[in-house]
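Student: I have a model open and want to learn how its ring contacts get their labels. Can we go through them together?

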Amino acid sequence: MQWRKRLLSAQSKLPMRAYVAVGAVLGVGACVSLVSPGPGGGNVPVVRGLYKNGREQIVRIALATAAPDTTGVARAKVPVVIIPGEGNSRYVLWNGKRYRGDLVITPTDSGLLVVNRLSMDDYLRGVVPLEIGSRTAAEFAAVQAQAVAARTYAYKHLNDTRGFDMYSTVQDQVYGGVDAEKPQSDTAIMTTADVVVLYAGQPITTPYHSTCGGSTAAVSEVWYDQPDQPYLRPVSDRIPGTDHYYCDPSPRFSWTQNFDGAGLRAVMEKYLAAYTKAPKTGVGRITDIREQGRTPSGRMAALLVQTDSGAYTLRGNDIRFVLRDPKGAILNSTYFSFTRETSGGEVSALTVNGRGYGHGIGMCQWGAIGRARAGQNYRTILETYYPGTTVGRIAG
């Protein structure tokens, strides 16, 4: 999941001029209060009229934003709604995948906008297993924590300023529809029904990532142009009294990436201009790479890249999008150190030794798994990775 600040909507509506459908179109409204899920918890006030509970709250997920029109939908010049039938046809299909709810297909200047419209609970069933994977019974609290984080993120990102709320990719949360659903994650969603993470009585943005590598990060450490949030700050993942970390079991807890001179020059030529003022072509030889400070959590704050064409500074998460591997995959994290070799006035080798996988902000998923193994419940996990928050419930 990639976190971006977005407007919080008051409703979940799709303006439509006309409908082509066999059946009724789902309606939307909202009323909310939050209640602590713990015994004896009192009401937590929030803005009323904002949300419904997970069975009734409608979310709109963009499956495609510029799909080719192979069926002539655009000739209708109005949104087309496809709803499920009965029996074996109780799901709608898009690109060979099954989805709950309905599909709204809208012609645009760039192609077809394809939106899956369904309940919050059904949406989560297609998200949680793809984000946390299949876990053991001892790790079930991590699946519950993932369900709550994904639910909170979704409520926070309802957006009535466009024709959908979220993308179905890592740009928001990975969503695979019916074919992604698993009994374990369904149970986690059910046993945490309507539970969300709150700060000052409001649902928060809940970024999460695979592996923090020892400490999570504040927002400005990674997305340097975004403001920090009090509940998104560095949290140590060290197991008390040991030299180990809860996310140690991650296959990407530690890693190494190597660049030879030609490979380094190739990625700089291809990607450096997108994140600095480097020329789009003719960057020239890479003559030096230097560290430009560390963030509070120990991540690389910036890299200075010296080339024949000038000196360019890469900051925060931008570093990952330039130092890609030969297949184009971005660098695992900014939690790294490096060594370099030079020959003939050019960097001839760069060795990057790092820890962690992902942006590092918010909940560490492998850390959550480790904490679940250690006996922590989902509420403790969430309130640790989002410090200063509490866990509440949308009553609808």
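Tutor: Start with burial. Tyr 99 has 4% relative accessibility, so Tyr 99 counts as buried. Buried means under 20% relative accessible area, exposed over 50%, partly exposed in between (1.4 Å probe, protein chains only).

Student: What should I know about the model and its numbering?

Tutor: This is a predicted model: local features need pLDDT of at least 70, side-chain atom pairs count only at pLDDT 80 or more, and totals for chains, interfaces and linings use all residues. Residues are numbered from 1 along each chain as its sequence is written, and side-chain values use heavy atoms, leaving out hydrogens and water.

Student: How many aromatic pairs are there?

Tutor: The count comes to 7. Rings of Phe, Tyr and Trp (its six-membered ring) pair if their centres lie within 6.5 Å; planes under 30 degrees apart count as stacked, over 60 as edge-to-face and the rest as tilted.

Student: Why is the pair of Tyr 99 and Tyr 175 called tilted?

Tutor: The centres are 5.7 Å apart, and the planes make 45 degrees. That angle is neither under 30 nor over 60, so the pair is tilted.

Student: What makes this pair a tie between separate parts?

Tutor: Tyr 99 lies in strand S6 and Tyr 175 in the loop between strand S9 and helix H4, so the pair ties together parts 76 residues apart in sequence. Helices (H or I, at least four residues) and strands (E, at least two) are DSSP runs, numbered from the N terminus.

Student: How do you know whether Tyr 175 is buried or exposed?

Tutor: Its relative accessibility is 5%, so Tyr 175 counts as buried.
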